[in-house]
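Thanks for making the time this morning. I would like to walk through a few local features of one chain, and I will ask you to keep the structure open while I talk.

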Amino acid sequence: MEKINNLKKNFKTEGIDGYIVSKNDEFFGEYIPDYKDRLKYISNFSGSYGFAIILKEKNFLFVDGRYTLQATKESGRYFKVKTFPNELPKDIFNNKILKIGFDPKLCTKKFLYFFFKKTNCKFISLNNNLIDSIWKRKKRETKKKFYVLPEESVGRNYKFKIKKIVSNLKKKQADFQLITASENNAWLLNIRGGDTKYTPIPYSYILIDKNKNINFFSDSSKITNSLKKKFSKVKFFNINFISDILLKIKKKRFIIDKNTCSIYLENIIEKNNVILDQKDPIYMLKAIKETKEIENIKQAHIYDGAALTKYIIWIKKNFIKKNITEISGEQKLLSFRKKNKNFKFLSFPTISGTGPNGAIIHYKASKKTNRKLKKGDIYLVDSGGQYNYGTTDVTRTISLLNSNQKIKKIFTRVLKGHIAVANFNLKKNTSGSMIDRKARKYLRQINLDYAHGTGHGVGYYLNVHEGPHAISKGNIVKFQKGMIVSNEPGYYEKNKFGIRIENLIYVRKNKKIIYFDNLTMAPIDKNLIDETLLNKKELNWINNYHKIVFFKLKKFMNKTEILELKKACSSI
């Protein structure tokens with residue numbers, strides 16, 4: 001509470017009634033270094049998305065449905081937790097006219113409009129971040145150099161991609177595009193970096209004009225001379241020069257990324273130029289993977305599936321006789337992944353939750369919450385890796401000799417939804433919202449549901465969550481050949497258990513037909529399946545899937561493991 005009170009002491013000096021604390025840093029990526037996690041510092045909330053509004057008398061934390069339980073546990077003592085989009089800031093302001101301060105480098109106009117459009121508040125842009133004024137810490141910045149991906153690992157070279165962006169600029173009658181999403185810069189130049197823990201992101205901005213001239217802004221110490229030599233028409237600048245260079249441009253037409261361009265940068269551009277109402281085309285271009293990328297991703301999933309399968313076999317064999325906890329289990333799974341020389345690091349923090357902890361959708365085990373894996377429970381593990389070259393994300397729910405018939409029936413309905421997504425009859429105009437309804441159908445038949453989307457896009461050795469496509473209620477982006485998406489229906493019963501089955505799938509084309517094909521290779525626990533609830537088509541799907549899993553993974557198993565894999569993949 002002392003931290004919050006110290007923050008509020010600044011309100012009078014700044015002439016404000018409240019302050020917005022963002023989760024993101026100035027690059028608006030999903031994962032941020034610990035020293036930039038201002039939301040966690042002030043609220044104790046450790047999830048990947050959310051924001052706080054701190055008023056003179058009350059404190060509010062806004063999160064989406066994935067994080068409601070987690071936020072309540074972590075921050076409920078000093079913050080009222082609100083779940084958007086059901087609850088929005090207008091509900092807490094009640095038409096009051098308040099002056100709300102914010103950091104213009106950490107907010108976009110899109111964010112302010114979406115969350116605050118129906119309020120009467122006046123928003124005050126503050127030059128100094130109020131959290132930074134009270135949070136004294138060491139800024140442990142990584143000095144890992146940026147690097148170029150090898151030619152054999154990329155689908156298209158950077159010159160081809162630049163032509164695409166320049167062609168779009170000309171088509172939209174624009175002079176410049178400012179690319180502020182680091183992952184989009186990574187895609188454009190086929191470069192990667194080490195600026196976040198779970199994604200090979202090179203923190204950067206790119207300014208590109210219609211004549212193919214590129215200004216690249218980043219921490220100069222991360223740019224080697226050998227990297228510079230690989231790019232023609234690219235000038236490299238320290239990131240501090242971006243405002244000076246933007247201020248020199250006048251009477252031009254700009255495309256910006258409204259998801260990641262801060263109010264600070266947008267205001268500089270708008271001072272002397274026109275911003276067009278256009279989207280950054282890179283999101284869609286990046287979402288459609290090239291054939292070579294898909295082949296590399298498939299290989300990464302075989303490596304990853306082998307590690308996860310070895311872990312599942314180890315868990316089943318040892319959870320009764322050894323003291324295995326959520327944390328020690330998570331560490332063991334990481335050790336299996338590390339045995340593969342192509343594994344780089346995790347693609348997100350592993351979710352390792354047993355019993356009631358499995359019901360917290362984005363649970364992260366801590367010393368305080370760590371539970372032992374016990375007979376009779378079910379255990380949910382959601383994890384993934386970054387490999388040379390590919391990004392994985394997989395969830396398995398594992399029976400620890402569970403015999404609860406209710407759990408089996410729910411698990412089987414989740415599986416039916418999973419199979420319905422995998423078998424969905426894709427057409428030219430199929431969007432994620434259509435598929436999402438099918439995924440929930442079998443749970444809704446017994447009045448159950450889950451508070452997250454059914455699937456998200458996944459990057460190529462990049463972000464584990466990327467758009468613009470997704471399998472969710474409101475997503476209208478059409479699926480196209482080469483898109484990757486997760487297939488992860490689930491069910492969570494508060495304080496009791498959690499179930500999720502997640503594979504990554506991609507859109508494949510054969511002649512004129514497009515369809516989903518699986519990337520993830522790991523057995524689905526047959527001990528949790530109630531066969532009587534599956535029809536013939538669904539039984540065929542699970543049996544065929546397990547045949548492929550066995551065929552792909554058998555060479556990675558030792559003698560004991562291959563017998564267990566055979567059992568896990570046998571027909572039902």
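Let me begin with D64, which in this predicted model is buried, its relative accessible area being 15%, under the 20% that sets the limit for that word. The residue sits in the loop that runs between β3 (59–63) and α3 (68–75). What does the side chain of D64 meet through a polar contact? Its partner is the side chain of R66, and the contact is 2.9 Å. If we leave aside residues up to four places away in sequence, D64 also touches Y49, T83 and F84.

From there I move to charged pairs in general. Side chains of opposite charge can pair when their charged atoms come close. In this model the count comes to 35 salt bridges, and I will take you through a few of them.

One of them joins K90 and D91, with the closest N and O atoms 3.4 Å apart. K90 is partly exposed at 33% relative accessibility, and D91 is likewise partly exposed, with a relative accessible area of 38%.

A second pair is R156 with E290, where the closest N and O atoms are 3.5 Å apart. R156 lies in the loop between β7 (147–148) and α7 (158–171), while E290 lies in the loop between α12 (282–287) and α13 (291–318), so this salt bridge ties together parts of the chain that are 134 residues apart in sequence. As for their surroundings, R156 is partly exposed at 36% relative accessibility, and E290 is partly exposed with a relative accessible area of 27%.

The third pair is E466 and K286, whose side chains meet in a salt bridge of 3.3 Å, taken from N to O. Because E466 belongs to strand β22 (residues 466–471) and K286 to helix α12, the pair ties together parts that are 180 residues apart in sequence. Are these two residues buried or exposed? E466 is buried, with a relative accessible area of 8%, and K286 is buried as well, at 4%. Apart from these pairs, there is also a network, in which salt bridges that share partners join D436, R440, R444 and D449.

Finally, let me turn to α7, the helix that follows the loop holding R156. Helix α7 has 14 residues and reaches 20 Å from its first C-alpha to its last, which is close to the 20 Å expected at 1.5 Å a residue. At its start, a side-chain oxygen of N157 comes to within 3.1 Å of the backbone nitrogen of K159.

Which residues of α7 are buried? They are Y158, K161, I162, I165, V166, N168 and L169. Viewed down the helix axis, the buried residues of α7 fall within an arc of 155°, and therefore they line one face of the helix. An α-helix has 3.6 residues a turn, so residues three or four places apart point the same way. On the other side of α7, K163, K170 and K171 are exposed.

The buried residues of α7 pack against several elements, namely β8 (176–179), α8 (182–189), β10 (205–209), β11 (214–218), β13 (253–256) and α12. Helix α12 is thus a recurring name in this talk, since K286 also lies in α12. Beyond the end of α7 comes Q173, whose phi is positive, near 55°.

Technical notes. Residues are numbered from 1 along each chain as its sequence is written. This is a predicted model: local features need pLDDT of at least 70, side-chain atom pairs count only at pLDDT 80 or more; totals for chains, interfaces and linings use all residues. Side-chain values use heavy atoms; hydrogens and water are left out. Helices (H or I, at least four residues) and strands (E, at least two) are DSSP runs, numbered from the N terminus. Buried means under 20% relative accessible area, exposed over 50%, partly exposed in between (1.4 Å probe, protein chains only). A polar contact is a pair of N or O atoms within 3.5 Å; within protein, one must be able to donate a hydrogen and the other to accept it, and residues adjacent in sequence count only if both atoms are side-chain atoms. Contact means heavy atoms within 4.5 Å. A salt bridge is a side-chain nitrogen of Lys or Arg within 4 Å of a carboxyl oxygen of Asp or Glu. The expected span of a helix is 1.5 Å times one less than its number of residues. The arc is that of the directions from the helix axis to the C-beta atoms.
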